[in-house]
Amino acid sequence: MRTMRTAAVAALAAAPLALAACSGDDGDGVTLRYAFWDDNQVPAMEAIVEAFEDANPDIDIELEQNDWDAYWTSLDTQFAGQNAPDVFWNHVSKFPTFAESEVLLPIGDRIEEDGLDTSIYPAELYDSWTFDGEQYGLPKDWDSIALVYRIDALEAAGIDPAEVDDLEWNPDDGGTYVEFLQRLTIDENGNNALSPDFDADNVAQYGTAMSSGTGQTDWWNYAVQNGCEIQSEPFGPYLIDAPECVEAVQFTADLYNRWGVTVPATSTNQPAGGLANEFVSSGQAATATDGSWTLSAYREGLEQGTWAVGPLPSGPVGDGTVINGLSNAIYAGSEHPDEAWEFVKFLGSEEAQKIAADMGSVWPGVSSLNQNFTDFWAEEGVDVSGFQAAAEGPSTGYPLSLNDSVYSQVALEEFNQVWLGEKDAASATEEVVAEANAE
Amino acid sequence: MSIPSPTADDVSEGIMSTLQESARPQPGVSDNRPGERRALHRRRRLRTTLEAYGLLAPSVIGFAVFLLAPIVIVIALSFYDWNFLSSPEFIGLQNYRDLADDDRAVDAIGNTFYYVLLNIPAQTVLALLLALALNAKIKARNAFRVIYVLPWMAMPVALGVIWRWLFDPIYGGLNTMLGLVGIDGPNWLTSSTWAMPVIASVNVWQFTGYTMLFFLAGLQSIPHQLYEAADVDGASKAYQFFKITLPLLRPAMMFVLVTSVIGSFQVFDTIHVMTAGQHETATLNYEVFLQAFTHRNAGYASTLAVVLFAIIMLITLIQVAFFRKRTTYDFS
């Protein structure tokens, strides 16, 4: 479960040492520290760093990796100790607070001086790294949410994978989506959840798995599909106590408790629980709503040709997904801002992002490279166009707020109780809104 | 017992006089010229002093840099508003005033006391019973001693992860075994009723062996003549336990209780790994972590840390006062 990640992280702790050791030969060079969190992307990061070091023999890059939670706490303490990494992955939920506190180096002037063509990125992606009229990053990648499913599980349940394209949900009877998941929820005796003999206490395989600590890979998507707006506008108050949002939260809770087609929240609630891809890989779930950045985890866990990616179901209002992206930021206190800028410029370049796209690591920030990513996965036997189609349709971004830390904590605690069936959706959303909008 | 035994005072007087004796100049070795002898003596004393300070330096420096300075900084920070990123802003007692309205902090204090109450009595009684059992002449005694201490040697985070698996309601070992005998096990770690007792029991399991070591050492320093004499007088085993063993174990008991109570007020890693402070398992120390590193309220987190420090200090002082009156170190 999570520990596999922890173990991987532990193993990787040695990686920067090894990298540092083999690159310390030229005396007058500059060493930059580059921090990131996702262990799925380690191979791509290493390849990109190697390409940069080949082109810039005077600059060494030291990789520093932490898992998501530890990444942000250590970044905070490193800012406080004025010893943060020169370059690091940035996330839109954290970015506004960093920009406001002036720990990020503005790069608008440098972009202009170097005459960088920023039209190679989708405009929304580029603009999402603007705060108070100043640019703080170049897009590294983008991601969206889709339905990952095991073809063999569908076939065993007598479901034609083509059905995935037309699934619909509604808050009343669950719609074809819930029925699809019921047929995939199978007890120890082989009865599915629609059978009168179904034994809900001994389930061998659940229809789906959800493991989002924020909502990004589960209820935010149902929210978009139900016409809910999480926020009135960027940096505006959270609006998740509106009826359309409460309904989306309730539908997510229903998947757990009313329909029982989801790996129970006792096993998936974050941050202690397992991840959706782990339940799919181990056969405990047939499908998962998951982010494009997790594709390589599925590739590692499942045989080639046994899994595929399809669109999310549509809701009462229509299609919808959550899109997001990362950027590379420069620490304002870096001793080598010029070298850091060279590195960030490279990370944002077509050359660097082509390396990641060709390795199937993440959807690239540079639009023209989307095909490279698609091609890599086509060769692996997976059609990933579902993510792209989703991103081109109706979507929501990650909410932007200076209160994200409060919102995240309260939302995690409240919604975990809703998924467990211990709290109703309306009172949980009210409490989240009250706390997150208060400060 | 009819043979008069020396009191503690007699013993310490004896030790003192022996020490003084050895400090006196040895006859024959001493110098005849008094002035030079005094100078030599002074120089020697200076050297001894410097040597002593030199030997103390590493631990004093360590204490100052890694303990004293952080404590002073935390107390100072508790009067500031600081998000790690901008410069700290002095706000006087505002953090302490906020404390009164902070339901989470109040709950956290309650959770902390609940945890300590679950943890300490069970751990202490179990450790004592184990020590009694392993002090008796049984087969493979040493092997058992090692086995019980093993959990203490393992990393709490790693243990937390393994126990989290075992307590998983669907895929975990515990509920699978309960299922075999027809019991439908609860959702251990996501139930407000069970989560804290589970965490406490994991920590009891981890630290009982370690605590046992101190009781074992204490038991071995009790002279066996006392038990022989009690046997002659016809005292029952239970009577011997309450009248000889328990009173003479008080130094060990004091050490064990003081250190384990402090440790259990500071519980963090098991909670972080097993429940992340959810389901009413957020102790005060965990709330310090959340306030500092999730909410970026370093000032307010420091305030909570000061409160935790004050609580621990108070309880430790009470324990020390209690034991000081009732402890004898005289086993003869």
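Helices here are DSSP runs of H or I with at least four residues, numbered from the N terminus. With that in hand, B:L317 can be placed in helix α14 of chain B. The model is a predicted one.

Stay with B:L317 for a moment. Its relative accessible area is 54%, so B:L317 is exposed, the cut-off being over 50%. B:L317 also belongs to a nonpolar surface patch of about 800 Å². Its partners there include B:F309 and B:M313. The patch further takes in B:F63, B:L67, B:L68, B:I71, B:V72 and B:I75. Two helices of chain B, α2 (34–77) and α14 (298–326), each supply at least two of the patch residues. The most comes from α2(B), with 6 residues.

Now turn to chain A. Its domain assignment gives two domains, each written as two segments. Domain 1 covers 2–142 + 324–379. Domain 2 covers 145–322 + 403–436. The contact between them takes 19 residues from domain 1 of chain A and 18 residues from domain 2 of chain A. The C-alpha centres of these two domains lie 30 Å apart.

One residue of chain A deserves a closer look. A:H91 sits in strand β3, which spans residues 87–91. Is A:H91 buried or exposed? Its relative accessible area is 4%, and the limit for buried is under 20%, so A:H91 is buried. Leaving out residues up to four places away in sequence, A:H91 touches A:W37, A:W68, A:W72 and A:W129. A:N324, A:L326 and A:Y398 are also among its contacts. The side chain of A:H91 makes a polar contact of 2.8 Å with that of A:S93.

Notes:
Residues numbered from 1 in each chain as written. Chains lettered and ligands numbered in written order. Predicted model: local features only at pLDDT ≥ 70, side-chain atom pairs only at ≥ 80, totals over all residues. Heavy atoms only, no water. Patch = residues over 30% accessible without salt bridge, like charges linked within 9 Å, V, L, I, M, F, W, Y side chains within 5 Å. Areas by Shrake-Rupley, 256 points an atom, 1.4 Å probe, with all protein chains shown as cover. Salt bridge = Lys/Arg side-chain N within 4 Å of Asp/Glu carboxyl O. Buried < 20%, exposed > 50% of the residue type's maximum accessible area, 1.4 Å probe, protein only. Polar contact = N/O pair within 3.5 Å; in protein donor to acceptor, adjacent residues only side chain to side chain. Contact = heavy atoms within 4.5 Å. Domains from an automatic or database assignment.
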